[in-house]
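Grab your viewer and a notepad. Try each exercise yourself before you read its solution.

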Amino acid sequence: METFYRTMLAYIRQFPLLEKTILLITKFFPLITFMIYPCVCLYLLWSGNPLLIETIWKPLAAFSVVTLFRKIVNRPRPYDAMNIQPLIGHKHGESFPSRHTVSAFIIALVCLPVNLYLGVFALIVASMMSLCRILAGVHYISDVLVSVIIALLFYFI
């Protein structure tokens with residue numbers, strides 16, 4: 001796994017535009033997701049839509065469960081466990097599962113029944129952001145994949 005991350009990060013660093021793109025996505029795409037969410041909640045509140053309750057409790061529950069689970073497991077991040085330099089600075093530990101990924105995906109999923117186009121857009125944003133968390137060296141592939149599964153489970157509950 002260390003060879004994979006070393007090779008991937010070395011390749012990315014050869015292309016400044018690629019590195020900058022990954023850094024921008026990692027930094028700003030969570031903001032897009034977290035700007036969409038309150039807007040959707042306010043819209044549902046304003047319109048009196050019964051989806052509001054579901055749109056609030058599912059992301060809240062997923063976020064809470066993942067936050068607690070991360071503290072219990074406290075999996076080291078790739079740069080903690082291996083001799084690699086991530087593209088971005090980040091705190092240590094609590095890598096599994098990715099809270100950014102689970103939050104972005106559950107928000108995108110609850111947006112789908114509200115507005116299909118917004119939901120698809122949010123899923124694209126969540127996917128790109130999650131991929132870039134791996135490419136930046138702050139998460140393992142399994143952190144992200146399990147987070148997507150958790151988001152799906154909470155959505156279909």
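Below are three exercises on helices and salt bridges, each with a worked solution.

Ground rules: this is a predicted model, where local features need pLDDT of at least 70, side-chain atom pairs count only at pLDDT 80 or more, and totals for chains, interfaces and linings use all residues. Residues are numbered from 1 along each chain as its sequence is written, and side-chain values use heavy atoms, with hydrogens and water left out.

**Exercise 1.** Check the length of helix H6 (residues 116–135), then work out what sits on top of its buried residues.

*Solution.*
- Step 1: Helices here are DSSP runs of H or I with at least four residues, numbered from the N terminus. The expected span is 1.5 Å times one less than the number of residues.
- Step 2: H6 has 20 residues, so it should span 28 Å, and its end C-alpha atoms are indeed 28 Å apart.
- Step 3: Buried means under 20% relative accessible area, exposed over 50%, and partly exposed in between (1.4 Å probe, protein chains only). Among the buried residues of H6 are Gly 119, Ala 122, Val 125, Ala 126 and Met 129.
- Step 4: Counting contacts as heavy atoms within 4.5 Å, the cover includes helices H1 (2–13), H2 (16–47), H5 (99–111) and H7 (141–156).
- Step 5: Just past the end of H6, look for Gly 137, with a positive phi of about 85°.

**Exercise 2.** Take the salt bridge between Glu 54 and Lys 58: which partner is buried and which is partly exposed?

*Solution.*
- Step 1: A salt bridge needs a side-chain nitrogen of Lys or Arg within 4 Å of a carboxyl oxygen of Asp or Glu. This pair comes in at 3.3 Å, N to O.
- Step 2: Both residues belong to helix H3, four residues apart, so about one helical turn separates them. An α-helix has 3.6 residues a turn, so residues three or four places apart point the same way.
- Step 3: Lys 58 is the buried one, at 5% relative accessible area, while Glu 54 is partly exposed at 28%.

**Exercise 3.** Find what Lys 71 pairs with, and where that partner lies.

*Solution.*
- Step 1: Lys 71 makes a salt bridge with Glu 94, at 3.2 Å from N to O.
- Step 2: This pair joins distant parts of the chain, 23 residues apart: Lys 71 is in H3, and Glu 94 is in the loop between helix H4 (78–81) and H5.
- Step 3: Lys 71 is exposed at 51%, whereas Glu 94 counts as buried at 12%.
- Step 4: Zoom out, and Arg 70, Lys 71, Lys 91 and Glu 94 form a salt-bridge network. The overall count is six salt bridges.

Technical notes
Helix = DSSP H or I, 4+ residues; strand = E, 2+ residues; numbered from the N terminus.
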